[in-house]
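Here are a few notes to read alongside the model, in the order I would click through it. I hope they are handy as you set up your own view.

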Amino acid sequence: MIKVAIFGYGTVGSGVFEVINKNHETIQKKLGNELEVKYVLDLRDFENDPVEKVLVHDVDVILNDPEVSIICETMGGERPAYDFTKRALENGKSVCTSNKELVEKHGAELIKIAEANQCSYLFEASVGGGIPIIRPLCTSLAQEEIESITGILNGTTNYILTKMEMEGADFDTVLKRAQEKGYAERNPEADICGYDAGRKIAILTSLAYGKNVDFADIYTEGITAISKADFEYVKQLGATIKLFAKSVHKDGKYYAMVAPFVVSSENPLYAVKNVFNAILVHGNMVADTMYYGKGAGKLATASAVVADVVDCAKHLGKHIRIVWEEEKLELSQIDSASRRFFVRVASTDKAEIENNFGKVEFLESVSADECGFITEEMTESEYKEKAAKAGNVINMIRMD
């Protein structure tokens with residue numbers, strides 16, 4: 001029997017407890033051994049909850065117990081999760097986590113500590129929730145040169161954009177509804193400003209290219225500037241708007257960014273609606289592969305944590321290799337990246353617009369005092385110069 005402990009009995013931690021107990025027989029058949037939750041660590045008490053029998057308030061009870069070989073860290077945040085995880089790995093206990101903030105900041109270091117102590121640090125649930133993406137990147141696509149990753153990595157923003165598109169609602173109205181449904185936090189900044197997606201693409205980029213990517217170095221835009229008018233314009237193109245997290249390896253340079261994009265119906269990510277997430281990975285040999293599902297939620301995320309637990313249980317006393325060095329991956333500025341842009345300006349003078357932006361494709365105006373159009377392909381820096389020259393841009397969204 002393999003003994004497991006859980007750090008944190010919140011949404012995901014209680015889900016892990018439920019998955020291990022409810023799917024006990026299924027896990028046993030596939031693992032060839034039993035998993036048992038010996039401890040759950042939390043500062044709170046939970047009256048009339050099955051967890052009472054295994055609940056402890058002192059982390060040392062777990063860290064000093066040689067019977068516990070695998071720990072699920074579902075506390076969230078950097079501290080004390082980092083300290084507890086580091087001590088566990090130094091004691092030779094494998095750690096499986098859903099904590100994207102901790103993984104993004106300390107993943108390379110914690111993997112190195114795990115290797116030194118012949119245990120593992122796994123984090124499948126930290127990016128795609130219930131969507132398998134870490135393991136495919138590290139195993140199924142290990143033979144590939146990854147040329148690009150494009151993901152819808154935040155269910156809250158995808159829900160908001162979907163409802164704005166389908167119902168013609170404005171941003172604030174849909175955000176309020178998302179909060180009422182529990183899809184958005186009371187303080188939704190991490191989601192709507194793109195920070196959550198940014199941390200996730202930092203992790204994926206680090207794994208794809210084997211060196212450390214700092215979220216702070218990733219160009220990040222959120223969705224707060226997107227309006228009903230933007231959707232009215234892009235519908236004329238048979239397109240929609242998605243918040244994409246992207247990383248690209250091209251001509252020896254690495255780019256990463258989070259921003260809204262106009263997405264055509266030919267793109268498989270076009271059809272990803274509501275709270276669902278998806279990641280499109282392009283390899284130099286296999287071309288496109290796509291991973292789709294619930295990117296969050298109690299049981300979906302918990303299931304991914306338990307999948308890592310099963311993997312660790314199959315490799316007790318061994319280190320499951322993940323290539324993620326502490327050396328920093330140098331990201332290029334996006335200024336040199338080329339693309340077309342959807343632009344709205346507070347002007348109806350088409351000659352003036354083409355004087356400022358060059359030859360453009362005009363769209364049917366949705367307001368009497370503005371124009372919407374698509375530019376020809378240009379670099380980000382060229383667009384900035386033209387927009388500054390015009391001085392009347394209402395909004396800009398990149399074309400995928």
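In which sense do strand S4 and strand S5 pair, and over how many bridges? Strand S4 (residues 68-73) and strand S5 (residues 94-97) run parallel, joined over four bridges. Please keep in mind that this is a predicted model.

1. The pair in its sheet. Within this pair, Glu73 sits opposite Thr97 of S5. S4 and S5 belong to an open sheet of six strands with parallel pairing, ordered S3-S2-S1-S4-S5-S6. Strands of a sheet pair through backbone hydrogen bonds.

2. The sheet edges. Strand S3 (55-56) and strand S6 (121-122) are at the edges, and each has a single partner strand, so one side of each lacks a neighbour in the sheet.

3. The main core. The largest nonpolar core holds 113 residues. Those touching the most other members are Leu35, Tyr121, Phe123, Ile160 and Leu204. Leu204 is a good one to select: leaving aside residues up to four places away in sequence, Leu204 touches Val127, Ile133, Ile134, Leu137, Ile149, Leu153 and Ile279.

4. A separate core. There is also a second core, separate from the one above, with 13 residues. Among them are Phe357, Tyr383, Ala387 and Met396.

5. The largest pocket. If you want a place to put a grid box, here is one description to start from. The largest pocket encloses about 1200 Å³ of space. It is lined by 40 residues, and Lys100, Glu185, Asp196, Ala296 and Gly297 are the closest to its centre. By class, this lining counts ten nonpolar, 19 polar and eleven charged residues.

6. Helices around the largest pocket. At least two lining residues come from each of helix H1 (11-22), helix H5 (100-116), helix H6 (125-128), helix H8 (155-167), helix H10 (189-192), helix H11 (195-209) and helix H13 (298-314).

7. The second largest pocket. Its volume is about 530 Å³. Of its 18 lining residues, Val248, Lys250, Ala337, Ser338 and Arg339 are the closest to the centre. The classes here are eight nonpolar, three polar and seven charged residues.

8. Strands around the second largest pocket. Which strand gives the largest share of this lining? That is S11, with five residues. Strand S10 (239-250), strand S11 (253-264) and strand S15 (338-339) each contribute at least two residues to the lining of the second largest pocket.

Conventions
Residues numbered from 1 in each chain as written. Predicted model: local features only at pLDDT ≥ 70, side-chain atom pairs only at ≥ 80, totals over all residues. Heavy atoms only, no water. Core = buried A, V, L, I, M, F, W, Y, C linked by side-chain atoms within 4.5 Å. Buried < 20%, exposed > 50% of the residue type's maximum accessible area, 1.4 Å probe, protein only. Contact = heavy atoms within 4.5 Å. Pairing = 2+ DSSP bridges. 1 Å grid on protein atoms, 1.4 Å probe; cavity = no way out; pocket = protein on both sides within 12 Å on 5 of 7 lines; lining within 4 Å. Points joined across faces, edges and corners; volume = space filled by probe spheres on them. Nonpolar A, V, L, I, M, F, W, Y, C, P; charged D, E, K, R; others polar.
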